[in-house]
Amino acid sequence: MNAHPYIPNSVPEVKREMLAAIGARSVEDFYADVPGRIRLDRPLDLPPPLRSEAELVRHVGALLNKNTSAQEALSFLGAGCYHHHVPAVVDEVVNRSEFLTAYAGEPYEDHGRFQALWEYQSLMGELLEMDVVSVPVYDGYQAAATALRMAGRITGRRRLLLVTAVAPGRLSKIEDYVRPDHDVVLVPVDPATGLADPAAVRAELAGGDVAAVFADAPSASGILDPALPALAEPAHEAGALYVVGCNPISLGAVTPPSRYGADIVCGDIQPLGLPMSFGGMNGGFIATRDEELYVGEFPSRLFGLAPTSVEGEYGFGDVAYERTSFAVREEGKEWVGTAAALNGIAAGVYLALMGPQGMREVAETILANTRYALDRLAEVPGVLAPYAGAPHFADFTLRFTGSRTAAEIGEALLEHGIFGGRVLSGTDALYCVTEIHTKDDIDRLAETLQEIAK
């Protein structure tokens, strides 16, 4: 293989030396962990070279026009990426050039960006009722995985208990990220109710080797499990930490996990002023108490307020920078890459704009819409809401008992201009409502499902 004109270290002799230095046989060794089912075993199917900007615009435009957005169709998709209203002020602020284009700088040159992220951390801390909040990591899945590794380092233990329903993608991320240091144990939920099983959790804790009990509020089924406050005490008695993932937009009306004993709280800020954007606008948060034991395990940057050399003047900069991989490189506890900082600024603008009353109103609206949707859709012949007895937030499961599968019903809804829920199985799908849905929207879904059933 010849050297590539644009790729460094591609001279064959240089590559051989580098591989020998790390004990690898070939570059393929670096991709051994990537499952074969998602690896491309053929060349990229690229179009012929486009020789002008006009051709490129036309080609990309044709690809984009194949998409139907949630602005054009009524969407009941959720499952981790939610259709919320994004106030115009959010886009106005984050599209300012000093935020939009600036890469991570240094404290002496980047006061505005550092201050904006400090404000984001402060607002999130108030919402979560926690002292320390990280700069956003890539997404909520990453935040959960990092929070569990933090718990493992603090306790020195190996096993991790996942005690609520967990989305397949989230589980995959956690399992991939925590190995080989941890074993993930799924504690089954009650199949009849979808709720956590406290007795089964206590039985798993009896071995004395559990690093963390992890629960989601709401769970992957959308359930706000009333059993979660009761899990903190047995976890702590067994020497484990209690790690809870949450949807931050719910906390205007739902009790934050910190109040019922969570040691580490994590989640995704996508609901806070970030559009769905083809599933890509995310940012993960991690929050703890202001204790050195916890702060020392954050791998990501933390921004704080500090006095400068000028009397009465303050600046914004890194806190405990020496714990990050930026400072100690390969000796870091975890690697820290580029964070979703711009999305954190967007979430900060959203929280500042909404305020406590606005956050309460939006959360209460989602709770009310979810309950109405559960009750209304369960009236449709051939549709069951199997976990309707539990409180829900945004997401909820529908079970279709007729001759059509959940996937076929989703396809039929598309023909009526409606995005149905995420298919979970042959019979089940996860539907979602937020504050943007009206009573008429939910009634339209119910009437369309009834028409499809006929």
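Q: How many bridges join strand 12 to strand 15, and which way do they run?
A: In this predicted model, strand 12 (residues 395-400) and strand 15 (residues 428-432) are joined by 5 bridges and run antiparallel. Strands here are DSSP runs of E with at least two residues, helices are runs of H or I with at least four, and both are numbered from the N terminus. Two strands pair if DSSP finds at least two bridges between them.

Q: What is the bridge partner of Leu398 in strand 15?
A: The partner of Leu398 is Ala429.

Q: What is the strand order of the open sheet?
A: The open sheet has 4 strands in the order 11-12-15-14, with antiparallel pairing. Strand 11 (383-384) and strand 14 (422-423) are at the edges; each has a single partner strand, so one side of each lacks a neighbour in the sheet.

Q: Which helix packs on the sheet?
A: Helix 12 does, touching strand 11 and strand 12, and its direction makes about 5° with that of strand 12. Contact means heavy atoms within 4.5 Å. Axes are lines fitted to C-alpha atoms, for helices over the stretch in contact, and angles run from 0 to 180 degrees between N-to-C directions.

Q: Before going on, what are the ground rules on numbering and confidence?
A: Residues are numbered from 1 along each chain as its sequence is written, and side-chain values use heavy atoms, without hydrogens and water. As the model is predicted, local features need pLDDT of at least 70 and side-chain atom pairs count only at pLDDT 80 or more, while totals for chains, interfaces and linings use all residues.

Q: Now the interior: how many residues has the largest nonpolar core?
A: That core has 62 residues, and those with the most contacts inside it are Met124, Leu128, Tyr242, Leu272 and Phe285. Such a core is a set of buried Ala, Val, Leu, Ile, Met, Phe, Trp, Tyr and Cys residues joined through side-chain atoms within 4.5 Å. Buried means under 20% relative accessible area, exposed over 50%, and partly exposed in between (1.4 Å probe, protein chains only).

Q: Which element gives the most to this core?
A: Helix 12 gives the most, with 11 residues. The core also draws at least three residues from each of domain 2 (74-85 + 356-453) and domain 3 (88-351), with domain bounds coming from an automatic or database domain assignment.

Q: What does Met124 touch, leaving aside neighbours within four places in sequence?
A: Met124 is in contact with Val133, Pro248, Ile269, Leu272, Phe285 and Leu351. A second, separate core of 27 residues includes Ala143, Met150, Leu171 and Tyr294.

Q: And Ser134: buried or exposed?
A: Ser134 is buried, at 0% relative accessibility. Its place is in the loop between strand 2 (132-133) and helix 6 (140-155). Beyond four places in sequence, Ser134 touches residues including Tyr120, Gln121, Phe285 and Arg301.

Q: How many disulfides does the structure hold?
A: The structure holds 0 disulfides, a disulfide being a pair of cysteine sulfur atoms within 2.5 Å.

Q: Why is Cys266 not bonded to Cys246?
A: The sulfur of Cys266 lies 7.6 Å from that of Cys246, its closest cysteine sulfur, which is too far for a bond. Cys432 is in no disulfide either, with the nearest cysteine sulfur, that of Cys81, 9.9 Å away. Cys266 is buried at 0% relative accessible area, and Cys432 is buried at 1%.

Q: Last one: where is Gln71 found?
A: Gln71 is in the loop between helix 2 (53-64) and strand 1 (74-75), and is exposed at 67% relative accessibility.
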